Amino acid sequence: MRTTITKLALGGALALALSACSSVGGGGVGLSPYGLVRAGQTYNVGSGAMSVTSPREWNRQGGFSFNDVRWVEDWTLNGPYLDGVTFVTGLPDNKRLIWQEYKADRQVPRFRSTMTAPEVASLLETLFRVEGGAVEFRTLGLAPRTFLGTNGFQLDFEHLDGDEVWRKGRAVGAVIDGRLYLILLDAARAHYYPQALPDYEAMVRSAVRRR
């Protein structure tokens with residue numbers, strides 16, 4: 001979630017590192033925080049409680065640092081400023097989607113196992129406003145959708161960030177056994193969202209919960 005939601009905090013070095021990683025066709029080049037996701041291969045994401053298959057090559061966030069949340073993993077196609085897919089893999093009750101300092105002025109709400117779809121949607125909106133710098137956030141739709149073989153939801157939204165770029169997103173998720181499972185796409189509304197959407201939908205359809 002860090003790369004997708006808090007783009008402005010990453011700095012331009014990430015895009016350069018990602019470019020270097022992609023150009024050689026493999027992860028672990030220099031200090032790049034990304035590794036290559038190969039088309040047609042299945043990957044365990046986040047905590048390992050969910051697997052997905054990518055229809056083409058993406059770039060996967062590498063190892064974990066002290067401020068990562070182990071249930072959350074980010075992928076990007078063209079760089080975190082342009083597009084990103086976030087996987088939430090069984091976030092438990094009373095945990096946040098991102099790491100925050102205890103004394104942060106504005107806190108992102110904790111996930112609660114009793115949350116309904118509208119409450120999860122509200123949590124995501126707060127996340128984008130507090131950590132993503134969204135100055136305007138619009139919910140375009142919230143509807144039931146099957147996910148991981150159970151009753152879930154689909155949230156469609158768009159937001160204007162402090163860099164004056166409109167971004168568009170979709171989140172498909174479900175609360176299963178009191179834990180949040182979710183796949184979220186967030187990308188620049190012009191060109192990058194429609195480019196990434198077919199891949200995103202293929203990943204959602206391929207998602208399997210690993211017990």
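## Close-up views of a predicted model

The protein chain folds into 4 helices and 11 strands. Keep in mind throughout that this is a predicted model. Of the 211 residues in the protein chain, 50% are buried. Looking at contacts in the protein chain between residues at least 6 apart in sequence, 52% join residues at least 24 apart.

**View 1. Eight strands make an open antiparallel sheet.** Reading across, the strand order is 1-4-5-6-10-9-8-7. Strand 1 and strand 7 sit at the edges, each pairing on one side only. On average, neighbouring strands here are turned by 20° against each other, ignoring direction.

**View 2. Zooming in on the stretch of this sheet from strand 1 to strand 6.** Strand 1 (residues 34-37) runs antiparallel to strand 4 (residues 58-61), and 4 bridges hold the pairing. Look for tyrosine 34, whose bridge partner in strand 4 is glutamine 61. Moving on, strand 4 and strand 5 are antiparallel too, joined by 2 bridges, and here asparagine 59 faces threonine 76 of strand 5 as its opposite number. Strand 5 then meets strand 6 (residues 83-91) in another antiparallel pairing, this time with 4 bridges. Valine 72 has valine 88 in strand 6 standing opposite.

**View 3. Aspartate 74 is a buried residue with a polar partner.** Aspartate 74 belongs to strand 5 (residues 72-76). Its relative accessibility is 0%, so aspartate 74 counts as buried. The side chain of aspartate 74 makes a polar contact with the side chain of threonine 86, at 2.6 Å.

**View 4. Helix 3 packs on the eight-stranded sheet.** Helix 3 touches strand 7, strand 8, strand 9 (166-176) and strand 10 (179-188). The direction of helix 3 makes about 150° with that of strand 7. Helix 3 (residues 117-130) has 14 residues and spans 20 Å from first C-alpha to last, close to the 20 Å expected at 1.5 Å a residue. Its buried residues include Val120, Ala121, Leu123, Leu124, Leu127, Phe128 and Val130. Helical geometry is handy to remember here: an α-helix has 3.6 residues a turn, so residues three or four places apart point the same way.

**View 5. Phenylalanine 137 has ring partners in phenylalanine 128 and phenylalanine 157.** The whole structure holds 5 aromatic pairs. One of them is phenylalanine 128 with phenylalanine 137, a tilted pair at 5.9 Å centre to centre with 40° between the planes. Both phenylalanine 128 and phenylalanine 137 are buried. Phenylalanine 137 also pairs with phenylalanine 157: the ring centres are 5.4 Å apart and the planes meet at 15°, so this pair is stacked. Phenylalanine 137 lies in strand 7 (residues 134-147) and phenylalanine 157 in strand 8 (residues 150-161), so the pair ties together parts 20 residues apart in sequence. As for exposure, phenylalanine 137 has a relative accessible area of 9%, while phenylalanine 157 comes in at 0% relative accessibility and counts as buried.

**View 6. Tyr43, Trp75 and Phe87 form a ring cluster.** Ring pairs are what link Tyr43, Trp75 and Phe87 together.

**View 7. Three strands make an open antiparallel sheet.** The order this time is 2-3-11. Strand 2 (42-45) and strand 11 (208-209) are the edge strands, each pairing on one side only. Strand 3 (residues 50-53) and strand 11 run antiparallel, with 2 bridges joining them. Serine 51 stands opposite valine 208 of strand 11.

**View 8. Helix 4 lies across strands of both sheets.** In the three-stranded sheet, helix 4 (residues 192-206) lies across strand 3 and strand 11. Helix 4 runs at about 135° to strand 3. Helix 4 also lies across strand 4, strand 5, strand 6, strand 7, strand 8, strand 9 and strand 10. Against strand 10, the helix 4 direction is at about 155°.

Key: Residues are numbered from 1 along each chain as its sequence is written. This is a predicted model: local features need pLDDT of at least 70, side-chain atom pairs count only at pLDDT 80 or more; totals for chains, interfaces and linings use all residues. Side-chain values use heavy atoms; hydrogens and water are left out. Rings of Phe, Tyr and Trp (its six-membered ring) pair if their centres lie within 6.5 Å; planes under 30 degrees apart count as stacked, over 60 as edge-to-face and the rest as tilted. Buried means under 20% relative accessible area, exposed over 50%, partly exposed in between (1.4 Å probe, protein chains only). A polar contact is a pair of N or O atoms within 3.5 Å; within protein, one must be able to donate a hydrogen and the other to accept it, and residues adjacent in sequence count only if both atoms are side-chain atoms. The expected span of a helix is 1.5 Å times one less than its number of residues. Two strands pair if DSSP finds at least two bridges between them. Contact means heavy atoms within 4.5 Å. Axes are lines fitted to C-alpha atoms, for helices over the stretch in contact, and angles run from 0 to 180 degrees between N-to-C directions.
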